[in-house]
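Biologist: I am new to this structure. Please take one close look at the backbone and the links that tie it together, and walk me through what is there.

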Amino acid sequence: MAGVRSLLLLLLVLQSSCVGVRSPLAVLKRFKETTRTFSDECLGTTRPVIPIDSSDFALDIRMPGVTPKQSDTYFCMSMRLPTDEEAFVIDFKPRASMDTVHHMLLFGCNMPSSTGSYWYCDEGTCIDKANILYAWARNAPPTRLPEGVGFRVGGETGSKYFVLQVHYGDISAFRDNHKDCSGVSLHLTRLPQPLIAGMYLMMSVDTVIPAGEKVVNSDISCHYKKYPMHVFAYRVHTHHLGKVVSGYRVRNEQWTLIGRQSPQLPQAFYPVEHPVDVSFGDILAARCVFTGEGRTEATHIGGTSSDEMCNLYIMYYMEAKHAVSFMTCTQNVAPDMFRTIPPEANIPIPVKSDMVMMHGHHKETESKDKTSLLQQPKREEADVLEQDFHVEEALDWPGVYLLPGQVSGVALDPKNNLVIFHRGDHIWDGNSFDSKFVYQQRGLGPIEEDTILVIDPNNATVLQSSGKNLFYLPHGLSVDKDGNYWVTDVALHQVFKLDPNRKEGPLLVLGRSMQPGSDQNHFCQPTDVAVDPGTGTIFVSDGYCNSRIMQFSPSGNFITQWGEESSGRNPKPGQFSIPHSLALVPHLNQLCVADRENGRIQCFKTDTKEFVQEIKHASFGRNVFAISYVSGLLFAVNGKPYFGDQEPVQGFVMNFSSGEIIDIFKPVRKHFDMPHDITASADGTVYIGDAHTNTVWKFTSAEKMEHRSVKKAGIEAQEIKGKGSGGLNLGNFFASRKGYSRKGFDRLSTEGSDHEKDEEDGSESEEEYSAPLPAPSTSSS
């Protein structure tokens, strides 16, 4: 069996759930039509599935006879796993010539970007999340899996498709127009493997390399809080400016080398010199060393040839019963620790000129017109998931200095103006309520200044203001499709519908003034309102002292309610601990709730109130304060970490359908302290209001998303209802920003950020090894 494995890399495919042994011919019957019409010039089999024995098969994944016409062409092709049952990839064998192929990547996913026999990779690699399984580069050693180790594919959780990406660098070898059938052969078995392979990605997302700077270090570190993993291979990745990348395990202040390599060498997986085990409590650390010499302006993280990246892939295996397929680290939780990093991490590795890895494109390619660029994508590695969204603070927006009172709500009106709800000179503190939630500072009177400000999104000019002498402690704010404001006041225990152009008073009031309660006519510190744009149905999250969602007719008649207070550390669906923010997903008839103190997002059907999904990540920490939905993307902000917690306060962008985090962001000016509300606009801009720093930040998308990304990401372009209103043309969704190319994050996707994740940022998990923590006191606001 060992001799057969070293022969050819292969794939098994079985479809019955029967445990018994089945003849491989039974599997191959399904593929009797699956023969390939390779050119006679191509060597190799025309049958993709080859039986080895009763349990093992080979899968031959090859380009179907292609001839690249331009240098730096990326071609992709896919092959379906010929079984729905679980299988394990146990070996790889490259089928490529160094004369024609620069490098190859093999991904696993469930939905390739194309159904064609092959396609340009600028059309995307996978529609859904993708796992990198294998990398080959010229002059690099092959990847070998240890005995008993396999990548899990198929079954309920594994990938259903393999996608091969081949980069043809210098195409001078194709002057004779011959056909190329490069690829990789896989050896698979349906025999369960005791050890499961996985990938741990360490990457920097905020490194800046000043122009002319001789040495710039980019450091990444995260606490490891999973079952033990055993490292056996690694891969480094930067662009032109990277000199050396080093990875370590730090245990008891002792540094153990995982791998150290020049990113200018072929970027395949290299075996570790000595096996490294990583256990709970260890710290994983990585450093990329760059130089800014030769650059005339600062270089940011990105994927074009003029941008940079700092990535370290760690290939590991774990015991099957505890296996996690993918983990990531994008933070630096222990910056002071790098003072003692081994000196070797700062020493560049000499590279011979004939071994240098190519980055980007030849100069003649960069001068081509847009038509030729469509044929020859500007890819260092093609997109894995084109629904790639990154935001950064709009540093030229003066609104950050508005300094209103405590900012409790932000929303967008139909004209895309920013609307702010703030508390003026009133503050919510420990003296505001008694033990029965009755407001104790009524003698102060209502807020004497305008509490609702309409702000120009470009220059932060106050266009309109209202709400004077109406409110005591403003909280939630939303704007319906007609431009009406819906607000909550936690002191009044009421919900108001306001016409911004009407001075006679509210159009509708729900609840009893200053009277907390839990029946159909009372609220207890209600937090937010969402109004269905199609039906006018009103949803209210109620609130700090009630754990329910209430539904009312457009005229304010009570319809129904659902939810109950959660208890214990594992709350059930429909249980809440401060339902704090609402976001409607109209085209799916879903209402999502920021379940604040449970640190999660719950989504329900608006008609049946049926629980649909929970979105929860370790990087949320213990709180999720606010959410906003825009065209397939869910935005969120978490809360300030409790003492001893690692997760910082930050903003998140998630793929709504999968719940996967695709971006994390923070401000540059000032800092988040209690980001209380969030809203995303129709042009891809994000606003966040902070109730402690009395600040509103504007974040803008850093790269334009091409229209074709819409369908592949599973997004309906016409549907973008969130806290704001209006429609979104995703062809114009992402605005470019000088100096920070989000094309880099296209590459960052390929380098790992869209891979199948178990947890986000730092591999922190609320599952294994989570020590019980004392319940903190709930903060107000």
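Modeller: Start with a cut-off: buried means under 20% relative accessible area, exposed means over 50%, and partly exposed is what falls in between. Keep in mind that this is a predicted model.

Now the backbone. Alanine 460 has a relative accessibility of 8%, so this residue counts as buried. Its place in the chain is a loop, with strand S25 (452-455) before it and strand S26 (462-466) after it. Alanine 460 is not a glycine, yet its phi is positive, at about 65°. Why is that worth a look? Because most residues other than glycine have a negative phi.

Move on along the chain to asparagine 469. Asparagine 469 also sits in a loop, the one between S26 and strand S27 (474-479). Here too phi is positive, about 60°, although the residue is not a glycine. How open is this spot? Asparagine 469 has 44% relative accessibility, so it counts as partly exposed. Alanine 460, by contrast, is buried at 8%.

The next spot concerns a peptide bond. Most peptide bonds are trans. The bond joining aspartate 542 and glycine 543 is cis, with omega at about 0°. Glycine 543 belongs to the loop that runs between strand S32 (538-542) and strand S33 (548-552).

Now the links. How many disulfides does the model hold? The count comes to six. Here is a look at some of them.

Take the pair of cysteine 76 and cysteine 121. A disulfide joins them, with 2.0 Å from S to S. The torsion about their S-S bond is about 115°, so this disulfide is right-handed. Cysteine 76 is part of strand S3 (residues 73-80), while cysteine 121 is in the loop between strand S6 (119-120) and strand S7 (131-137), so the link ties together parts 45 residues apart in sequence. Are its ends buried or exposed? Cysteine 76 has 0% relative accessibility, so it counts as buried. Cysteine 121 is buried as well, with a relative accessible area of 0%.

Next come cysteine 109 and cysteine 126. Their sulfur atoms are 2.2 Å apart, and they form a disulfide. This link is left-handed, with -75° about the S-S bond. The pair connects distant parts of the chain: cysteine 109 is in strand S5 (residues 103-109), cysteine 126 is in the loop between S6 and S7, and 17 residues separate them. That loop also holds cysteine 121. Cysteine 109 is buried, its relative accessible area being 1%. Cysteine 126 counts as buried at 2%.

Further along, cysteine 288 pairs with cysteine 310. They form a disulfide with sulfur atoms 2.0 Å apart. The link is right-handed, at 85° about the S-S bond. Cysteine 288 lies in strand S18 (residues 283-290), and cysteine 310 lies in the loop between strand S19 (299-300) and strand S20 (311-319), so the disulfide ties parts that are 22 residues apart in sequence. Cysteine 288 is buried, with a relative accessible area of 1%. Cysteine 310, at 1% relative accessibility, counts as buried.

Technical notes: Residues are numbered from 1 along each chain as its sequence is written. This is a predicted model: local features need pLDDT of at least 70, side-chain atom pairs count only at pLDDT 80 or more; totals for chains, interfaces and linings use all residues. Side-chain values use heavy atoms; hydrogens and water are left out. Helices (H or I, at least four residues) and strands (E, at least two) are DSSP runs, numbered from the N terminus. Buried means under 20% relative accessible area, exposed over 50%, partly exposed in between (1.4 Å probe, protein chains only). A disulfide is a pair of cysteine sulfur atoms within 2.5 Å.
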